[in-house]
Amino acid sequence: MPNPVRRRPRSVRGRVLVPFLALLGAPIPAAADPSSAAAFGPASVHRLLHQPAELVARVGAANPDVGAARARVDEARADASASRLVPNPVVDASLSAIPVSHANNARFGSSNSWTVGLSETVELGKRGPRAAAADQRARAATRYWVGTLTERVAAARAAMASALHLSLRGATLEASLHDAEHATELERVRYEQKALSGMDYDRLLLELSSLKSEVERSQAEYQGALAECQALLAGPCDLTGASEEDLDQALPLSELAARADLQNRPDLAGLLLERDGARADAQLARRRAIPDLTLHVGYTRDNSAGPEEALDSVSVGVQLPLPVSDRGQHDAAKALARASELEQQHSALLLSARSEVTALMQRKAALTHTLSVLESDSLPRAKSVLESTQRAFDDGGISLTDFLLARRSYVALRLTLLEQRFELFSIRNDLYRALGLDARGHENQ
């Protein structure tokens with residue numbers, strides 16, 4: 001298992017959060033083929049945790065969920081373009097006065113009549129609401145694409161942090177195992193010299209066996225985290241240079257960002273846009289009370305009286321449907337009910353998001369205080385106790401039980417400190433997702 005090297009944390013003040021590539025109406029780049037092994041190289045965890053733009057670009061190109069959301073944006077934009085088209089004209093042609101009796105067969109080529117016409121439907125009051133509804137849905141699809149990208153970026157960060165956390169945890173356990181093996185070897189000499197009881201030596205062996213089992217379990221979890229990280233980033237996760245400082249320094253969260261307006265979060269904004277689209281659908285349905293005109297112009301060549309007396313004529317006509325029964329009233333009611341449903345979904349999601357942010361901020365404050373106490377007081381005290389206990393045990397001043405308890409306490413504190421650093425990073429990552437900070441970073445540019 002790699003042992004990450006500590007590196008001086010880099011300042012992230014003033015850095016743009018995540019420059020997403022999508023503006024409403026802006027073209028969205030196509031995704032690379034994630035099935036191609038050459039498309040993506042190793043993912044540097046240290047670099048990607050501190051460079052959100054690179055992480056977004058990689059996830060946006062590699063993740064199939066983001067690719068599917070991108071395709072839905074293209075579909076919605078195609079629908080928006082189609083909503084502005086006028087109905088296609090209709091060409092009609094007919095041949096009449098065709099002789100069917102035997103007596104008239106000789107005159108077939110010259111006694112018939114033929115007509116060619118052109119019809120066009122003129123919509124009245126329909127195109128505006130239809131285009132408005134399609135535009136709102138295209139904008140909503142773009143918001144949902146940004147939201148999907150935000151979710152996948154948060155999942156990728158969590159996977160990288162989990163791999164780093166388990167790597168550091170494994171390194172701590174391996175160091176403890178190395179110390180335990182060294183101590184056991186020294187005590188074996190004392191045991192052989194009858195300076196240590198067989199019971200105490202057996203307890204050391206049991207402690208060593210327990211540590212080995214813990215190291216093996218940690219290694220298995222670490223390999224699973226690496227596999228998840230590789231799946232999300234379409235390439236192996238490289239932990240070279242990564243350290244606990246990356247968990248501390250990545251994803252800075254200012255008080256201004258913590259008070260961000262949740263209404264601008266992509267999924268919430270998308271629901272409002274869909275609601276506006278449903279309202280436009282209701283307006284379009286009500287406009288069906290205005291009948292559309294169908295204009296027709298035709299040309300007729302009448303040869304029924306003979307070639308010498310052929311008549312040429314032009315005809316014009318208008319068709320006007322009468323909205324007696326179906327005036328779009330039921331479709332309008334259905335669209336308004338859909339708009340109300342989306343409004344309620346938005347309210348419910350907003351309440352849930354606010355409660356989630358409140359809970360995360362409270363957990364963040366509590367963890368920050370706990371970490372401060374552990375780093376400044378508890379861990380140095382446990383280390384001092386362990387060193388004193390080790391010297392006293394080597395001199396025969398204390399029992400093996402006291403020594404083992406001191407070592408367990410120190411290792412447990414180190415692991416607790418690491419666990420809480422990882423938990424604090426996870427909370428900040430969840431806050432970035434819940435507040436929509438990644439998406440808002442581009443909008444504020």
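## Overall architecture

The protein has 12 helices and 6 strands. Both are DSSP runs, numbered from the N terminus: helices are H or I with at least four residues, strands E with at least two. This is a predicted model, in which local features need pLDDT of at least 70, side-chain atom pairs count only at pLDDT 80 or more, and totals for chains, interfaces and linings use all residues. Residues are numbered from 1 along each chain as its sequence is written, and side-chain values use heavy atoms, with hydrogens and water left out.

Of the 445 residues, 40% count as buried. Buried means under 20% relative accessible area, exposed over 50%, and partly exposed in between (1.4 Å probe, protein chains only). The accessible surface comes to about 23400 Å². Carbon and sulfur atoms hold 56% of it. These areas come from the Shrake-Rupley method with a 1.4 Å probe; for residues, only the protein chains shown count as cover. Among contacts (heavy atoms within 4.5 Å) with a separation of 6 or more, 83% join residues 24 or more positions apart.

## Nonpolar cores

A nonpolar core is a set of buried Ala, Val, Leu, Ile, Met, Phe, Trp, Tyr and Cys residues joined through side-chain atoms within 4.5 Å. The largest one has 69 residues, and L55, M160, L233 and L247 touch the most other members. Elements giving it two or more residues include helix 1 (45–50), helix 2 (52–62), helix 10 (329–394) and helix 11 (400–435). Helix 5 provides the largest share, 15 residues.

Beyond four places in sequence, L55 touches L48, V153, A156, R157, M160 and L233. Another core, of 8 residues, lies apart from the largest one; L173, L177, A180 and L415 are among its members.

## A buried alanine

A282 lies in helix 9 (residues 266–286). This alanine counts as buried because its relative accessibility is 0%. Outside its neighbours up to four places away, A282 touches A332, A335 and L336. The C-alpha atoms of A282 and A333 are 7.0 Å apart, with their positions 51 residues apart along the chain.

## Strands and surface patch

V91, L95, I98, V100, W114, V116, L118, V297, Y299, V314 and V316 form a nonpolar surface patch with about 1000 Å² of accessible area together. Patches take residues with over 30% relative accessible area and no salt bridge; like charges are joined within 9 Å, nonpolar side chains (Val, Leu, Ile, Met, Phe, Trp, Tyr) within 5 Å. Strand 3 gives the most, 3 residues. V316 is found in strand 6. V316 counts as exposed because its relative accessibility is 70%.

T300 lies in strand 5 (residues 293–302). A polar contact of 3.1 Å joins its side chain to that of T115. Such a contact is a pair of N or O atoms within 3.5 Å; within protein, one must be able to donate a hydrogen and the other to accept it, and residues adjacent in sequence count only if both atoms are side-chain atoms.

## Salt bridges

The structure holds 24 salt bridges, each a side-chain nitrogen of Lys or Arg within 4 Å of a carboxyl oxygen of Asp or Glu. D292 pairs with K126, the closest N and O atoms being 2.9 Å apart. D292 sits in the loop between helix 9 and strand 5, K126 in the loop between strand 3 and helix 5, 166 residues apart. K126 is buried, at 5% relative accessibility.

E419 bridges to R169 at 3.6 Å between the closest N and O atoms. This pair links helix 11 to helix 5, across 250 residues. Both residues belong to a salt-bridge network with E214, R217 and E221.
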